[in-house]
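Open the model in your viewer and keep the selection panel at hand. The tour goes stop by stop, with something to select at each one.

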Amino acid sequence: VAGGFAFRRSLDSEKEIVKLDNKTVLAEKSDTKAESEPKDDGSAWYSAEDEAYMVPLNEGLKVPEQRLNRYAYITSYNAGTRNPNWVAWTLTADHVDGEYSRGGHKFMEDMDVPEPRAAYSDIREGECGYQRGHMCPAGDNKWSYKAQKDAFLMTNICPQNGNLNQHDWKYLEEACREWAKKYGKIYIVAGPIFYSNKYKTVGERKVAVPDAFFKVVLRIGKTSETTKAIGFIYANQTGHHKMSYYVRSVDEVEKATGMDFFYKLDEQVETRIESKCDLNEW
């Protein structure tokens, strides 16, 4: 937290929370989609300032981690569960829609992680009862072909109850896109929750089935009073509830996950916004 305080002071000597610039880097458009997309060179759309808010501390979690920076998101891969520990991304009003839909994209093994790694065949609903659930959703990546393609890497996927994936979890994803349009930019971190080391696995490569899923969302206001954060926890099971049923404070999500979210905020601001959870403020 002390390091986060120093970071905020370096951005603003008066400790006022300011809205960060959106440093979008895109290749110039041309007549072909291939030429209009960035090269697969490890570059990222989000800025260093964005990344500082996106990435949580997970020292308390003490699990295997391989950090992978993609064009539109960052994933922390766990070789033990074959799931991401978390996936973080920045969503802007300009990126809530686009011409690059999920059609034609296939789920792919992530060749950047060691074997055994999750494969398409490990999560087949007809065989294991679970769907391939995106953490950073395809719907948040329609603005870029490369971003959409990266969203289908298996390091962004968890075994997810199909009813949850297609209903309540989907409704939260849609709400986040509305918030991005309303506020201009939001920061999102999502991932699985395992309440113990005893978990069910699916597929030949024994991909762990999460007990639940979390999502935390941050918006940076022009002042500390208009900066807000909110959290959610969804059990990995069938169920239909209003979004308010799943709302949690960020502090509660941190307790459930062992992570520290948005620690780069001013300490007093972080303490205030992470202890509250009012959906009406969104």
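**Stop 1: a turn of chain between two strands.** Select arginine 82. With a relative accessibility of 14%, arginine 82 falls under the 20% cut-off and therefore counts as buried. Keep in mind that this is a predicted model. Arginine 82 sits in the loop between E2 and E3. Check the backbone here: phi of arginine 82 is near 60 degrees, a positive value in a residue other than glycine.

Now select the strands on either side of that loop. Strand E2 covers residues 73-78 and strand E3 covers residues 83-92. They pair in the antiparallel sense over 6 bridges. For one position along this pairing, pick serine 76, which stands opposite tryptophan 86 in E3.

**Stop 2: the whole sheet.** Zoom out. In what order do the 7 strands of the open sheet run? The order is E1-E2-E3-E6-E9-E10-E11, with antiparallel pairing. Strand E1 (66-69) and strand E11 (247-248) stand at the edges. Each has a single partner strand, so one side of each lacks a neighbour in the sheet.

Add helix H7, residues 168-183. H7 packs on the sheet and touches E3, strand E6 (185-193), strand E9 (212-219) and E10. The direction of H7 makes about 5 degrees with that of E9. Then add helix H8, residues 250-257. H8 lies across E6, E9, E10 and E11, running at about 45 degrees to E10.

For scale, the protein has 9 helices and 11 strands. Buried residues make up 53% of its 282 residues. Take the contacts with a separation of 6 or more: 69% of them join residues 24 or more positions apart.

**Stop 3: strand E10.** Select residues 228-235. Is E10 largely enclosed or largely open? It is largely enclosed by the rest of the structure, because 7 of its 8 residues are buried. Look to both sides. E9 and E10 pair in the antiparallel sense over 8 bridges, and alanine 212 stands opposite alanine 235 in E10. E10 and E11 also pair in the antiparallel sense, over 2 bridges. There, glycine 231 stands opposite arginine 248 in E11.

**Stop 4: the largest cavity.** Stay with E10 and add helix H9 (267-274). Each supplies at least two residues of the lining of the largest cavity. The model has 3 cavities of 30 Å³ or more, and the largest holds about 60 Å³ of space. To show its lining, select Lys228, Ala229, Arg272, Ile273, Lys276, Cys277, Asp278, Glu281 and Trp282. By class, that lining has 4 nonpolar, no polar and 5 charged residues.

**Stop 5: a second pair of strands.** Select strand E4, residues 131-134. Both of its faces are covered. Gln131 and Gly133 are buried on one side, Arg132 and His134 on the other. In a regular strand, side chains alternate between the two faces of the sheet. Add strand E5, residues 157-160. E4 and E5 run antiparallel and are joined by 4 bridges. One of the pairs to display is glutamine 131 with its bridge partner in E5, glutamine 160.

**Stop 6: leucine 164.** Move on to helix H6, residues 162-166, where leucine 164 is found. Leucine 164 counts as buried because its relative accessibility is 1%. Beyond four places in sequence, leucine 164 touches Trp169, Lys170, Phe213, Tyr234, Ala235, Asn236 and Gln237. Draw a distance to glycine 133 as well: the two C-alpha atoms are separated by 9.3 Å, at 31 residues apart along the chain.

**Stop 7: aspartate 140.** Select the loop between E4 and helix H5 (145-151), which holds aspartate 140. Is aspartate 140 buried or exposed? It is buried, with a relative accessible area of 3%. Leaving aside neighbours within four places in sequence, aspartate 140 is in contact with Trp89, Leu91, His95, Arg177 and Ile188.

**Stop 8: two more backbone checks.** Select proline 116, in the loop between E3 and helix H4 (125-128). The peptide bond from glutamate 115 to proline 116 is cis, with omega near -5 degrees. Finish at lysine 206, in the loop between strand E7 (201-202) and strand E8 (207-208). Its phi is near 55 degrees, again positive in a residue other than glycine. Lysine 206 counts as exposed, at 53% relative accessibility.

Methods. Residues are numbered from 1 along each chain as its sequence is written. This is a predicted model: local features need pLDDT of at least 70, side-chain atom pairs count only at pLDDT 80 or more; totals for chains, interfaces and linings use all residues. Side-chain values use heavy atoms; hydrogens and water are left out. Buried means under 20% relative accessible area, exposed over 50%, partly exposed in between (1.4 Å probe, protein chains only). Contact means heavy atoms within 4.5 Å. Two strands pair if DSSP finds at least two bridges between them. On a 1 Å grid over the protein atoms alone, a cavity is a set of points where a 1.4 Å probe fits but cannot get out, and a pocket is an open set with protein on both sides within 12 Å along at least five of seven lines; lining residues have an atom within 4 Å of a point. Grid points are joined across faces, edges and corners, and a volume is the space filled by probe spheres set on the points. Ala, Val, Leu, Ile, Met, Phe, Trp, Tyr, Cys and Pro count as nonpolar, Asp, Glu, Lys and Arg as charged, and the others, Gly among them, as polar. Axes are lines fitted to C-alpha atoms, for helices over the stretch in contact, and angles run from 0 to 180 degrees between N-to-C directions.
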